[in-house]
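Colleague: Please take a close look at the salt bridges of this predicted model. Which residues are paired, and are they buried or exposed?

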Amino acid sequence: MQKTILIIGACGQIGTELTIELRKKYGSENVIASDIREGGESLMQSGPFELLDATDYSAVEDVVMHYEIDEIYLMAAMLSATAEKFPMRAWHLNMNSLFHVLNLAKEKKISKVFWPSSIAVFGPNTPKENTPQNTIMEPSTVYGISKQSGERWCEYYNKKYGVDVRSVRYPGLISWKTMPGGGTTDYAVDIYHEALKNGNYECFLRADTQLPMMYMDDAIRATISLMEVPSENVKVRSSYNLSGMSFNPEDIAGSIKKHLPDFSISYAPDFRQEIADSWPSSIDDTLARNEWGWQPEYDLDQTTAEMLENLKK
Ligand code: AKB
């Protein structure tokens, strides 16, 4: 059966690539992109677009009714570093947009929701290596607190009202089509741009800051496969751990040097170091692998090759 999909936050780092992929899969006219601002040319020209404020319930409801939307992917959020600067704005955006979408599903105006969580749900007391699905969380950032609360609400809406909501805890995402904005893991994208432009990069994290990361193609594949799994197979209604690779700034610099031998990196840690230090260094995603067949494809060197090749163009 043909379905109609709305992506909220379609012009961001994940939203752009998700929209393009969903349009390939379900047809351009059936995938409505929306955001508070217009996006890049390839996104804007590939299908319908609506200017939409994710915190405005009536505006979201109008778009849902107008296009007879079946599924929403809610990708609008304020990320970790920016959220530390604007805690109340981050809370307002991250929580209210989620409530609006969950309530539309509760009222049966849509039938399925994807909402992204993050490794930021974990905190300084969480076991750092191979962080399990269920463990101590206690996030210490505004963004992490909003994602942790969001997970609890998703689970609640599923149990109480039968809302079909699905989620993964994204690690840092690496992509070349759209820049990330305001995250702690953004260095792993900036570094490729600077390597090609200037041959050097000043990193805002320490050399040994190991974090979970993933190439965007893997992240999009994970997202769409989770949304396609039959509902009874989705056992976790908070959010699934999801793992791609783990590396630190020194490793990524080494990987870049295989292509650009003169590349150099220096370190000037700032407030984002404390955020990174509170997060896991690797993730155990056994449940995602067992329950819906998750398998990552990209390691660090493959990611570097793809990033440099595409950014050079
Ligand atoms: C961030 O750094 O804030 C995000 C995330 C890990 O959720 N990329």
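Modeller: Lys112 is buried, and Glu71 is buried as well. These two residues form a salt bridge in this predicted model, with 3.7 Å between the closest N and O atoms. The pair links distant parts of the chain, since Lys112 belongs to strand β5 (residues 112–114) and Glu71 to strand β4 (residues 71–74), 41 residues apart. Lys3 also takes part here: Lys3, Glu71 and Lys112 are linked in a network of salt bridges.

A second pair of buried residues is formed by Glu151 and Arg169. Their salt bridge has its closest N and O atoms 2.8 Å apart. Glu151 is located in helix α6 (residues 142–161) and Arg169 in strand β8 (residues 168–170), so this salt bridge ties together parts that are 18 residues apart in sequence.

The salt bridge between Lys24 and Glu21 lies within one helix: both residues belong to helix α1 (residues 13–26). They are three residues apart, about one turn of that helix, and the closest N and O atoms of the pair are 3.3 Å apart. Lys24 has a relative accessible area of 63% and is therefore classed as exposed, the cut-off being over 50%. Glu21, with a relative accessible area of 32%, is partly exposed.

These pairs are among the 18 salt bridges that the structure holds.

Conventions
Residues numbered from 1 in each chain as written. Predicted model: local features only at pLDDT ≥ 70, side-chain atom pairs only at ≥ 80, totals over all residues. Heavy atoms only, no water. Salt bridge = Lys/Arg side-chain N within 4 Å of Asp/Glu carboxyl O. Helix = DSSP H or I, 4+ residues; strand = E, 2+ residues; numbered from the N terminus. Buried < 20%, exposed > 50% of the residue type's maximum accessible area, 1.4 Å probe, protein only.
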